[in-house]
Amino acid sequence: MSRVGRKLITLPKGVALNIGPSSPGKAAELSVKGPKGELKRAMPTGVTVKVTGQEAQVERADDSRENRAKHGMLRALLANMVKGVSDGFERQLEINGVGYRAEVAGQKLNMALGFSHPVVFDLRRASRPRWTRTSSSAGIDRELLGQTAAKIREIRPPEPYKGKGIKYVEEIIRRKVGKTGAA
């Protein structure tokens with residue numbers, strides 16, 4: 001049995017987990033509702049979720065390779081959904097470089113990153129962005145938050161000589177030595 005899949009998921013106070021019925025041709029739907037919002041996800045076939053009191057457990061139909069993979073994956077996704085609607089997630093980015101800056105204007109992130117033009121990033125799907133020199137974005141969907149942070153970092157990844165660019169706060173940039181002068 002999967003080490004990840006067999007762990008129980010504790011539902012905090014104020015978090016409700018609902019399993020929608022599966023209709024012919026459609027998969028069952030998991031819905032997690034909490035104080036910060038609601039998340040929904042289609043449940044794959046071959047695995048089920050049992051809720052007893054304030055605990056949820058993911059079980060699989062058989063020991064086929066496919067169902068073993070789905071077992072651990074669904075448990076991890078469900079645990080992230082529960083944590084997201086109760087506590088939320090945050091991802092921090094840091095902007096390094098002379099003249100590099102970012103500011104939020106409505107649902108747009110306007111960035112000056114050393115290009116000949118300003119870069120505008122649409123933030124409609126990311127929730128609660130706060131952008132300064134050290135910027136952060138918070139939300140309930142861990143997958144969406146990580147993808148948004150990766151797309152923003154991709155605009156100007158940090159370069160190894162001076163470290164200019166956008167990087168994660170916890171990321172360590174391995175620096176290279178520049179050119180040496182000919183004597």
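In the predicted model, arginine 101 finds its bridge partner in strand 9, where alanine 112 takes that role. A further pairing of this kind links valine 104 to leucine 109, again a residue of strand 9. These pairings belong to the contact between strand 8 (residues 101-105) and strand 9 (residues 108-112), which run antiparallel and are joined by 5 bridges. The hairpin of strand 8 and strand 9 has 2 residues between the strands, and within this hairpin glycine 106 adopts a positive phi near 70 degrees.

The hairpin is part of a wider arrangement, an open sheet of 3 strands in the order 8-9-10, with antiparallel pairing. Strand 8 and strand 10 (119-122) each have a single partner strand and stand at the edges, so one side of each is left without a neighbour in the sheet. On average, and with direction ignored, neighbouring strands of this sheet are turned by 25 degrees against each other. Helix 2 (residues 142-155) packs on the sheet, where it touches strand 9 and strand 10, and the direction of this helix makes about 170 degrees with that of strand 10.

Attention turns next to the nonpolar interior. In soluble globular proteins, nonpolar side chains tend to be buried together. In the present model, the largest nonpolar core has 19 residues, and those with the most contacts inside it are Leu17, Leu30, Val32, Val49, Leu74 and Leu78. Two or more residues of this core are given by each of strand 3 (29-34), strand 5 (47-52), strand 6 (55-60) and helix 1 (65-86), and of these elements helix 1 gives the most, with 5 residues. The surroundings of valine 49 can be described in more detail: when its neighbours within four places in sequence are left aside, valine 49 is in contact with Leu17, Ile19, Leu30, Met43, Ala56, Gln57, Val58, Leu74 and Leu78. A second core, separate from the one just described, comprises 14 residues, among them Leu93, Ile95, Tyr100 and Leu109; the last of these, leucine 109, is also the bridge partner of valine 104 in strand 9.

With regard to the aromatic residues, the structure holds 0 aromatic pairs, although arginine side chains are found over aromatic rings in the following two cases. The charged end of arginine 91 sits over the ring of tyrosine 168, at 4.0 Å from the centre of that ring, whereas arginine 156 lies over the face of phenylalanine 115, with 4.4 Å to the ring centre.

Definitions and conventions. Residues are numbered from 1 along each chain as its sequence is written. This is a predicted model: local features need pLDDT of at least 70, side-chain atom pairs count only at pLDDT 80 or more; totals for chains, interfaces and linings use all residues. Side-chain values use heavy atoms; hydrogens and water are left out. Rings of Phe, Tyr and Trp (its six-membered ring) pair if their centres lie within 6.5 Å; planes under 30 degrees apart count as stacked, over 60 as edge-to-face and the rest as tilted. A charge sits over a ring if NZ of Lys or CZ of Arg is within 6 Å of the ring centre and within 35 degrees of the ring normal. Two strands pair if DSSP finds at least two bridges between them. Helices (H or I, at least four residues) and strands (E, at least two) are DSSP runs, numbered from the N terminus. Axes are lines fitted to C-alpha atoms, for helices over the stretch in contact, and angles run from 0 to 180 degrees between N-to-C directions. Contact means heavy atoms within 4.5 Å. A nonpolar core is a set of buried Ala, Val, Leu, Ile, Met, Phe, Trp, Tyr and Cys residues joined through side-chain atoms within 4.5 Å. Buried means under 20% relative accessible area, exposed over 50%, partly exposed in between (1.4 Å probe, protein chains only).
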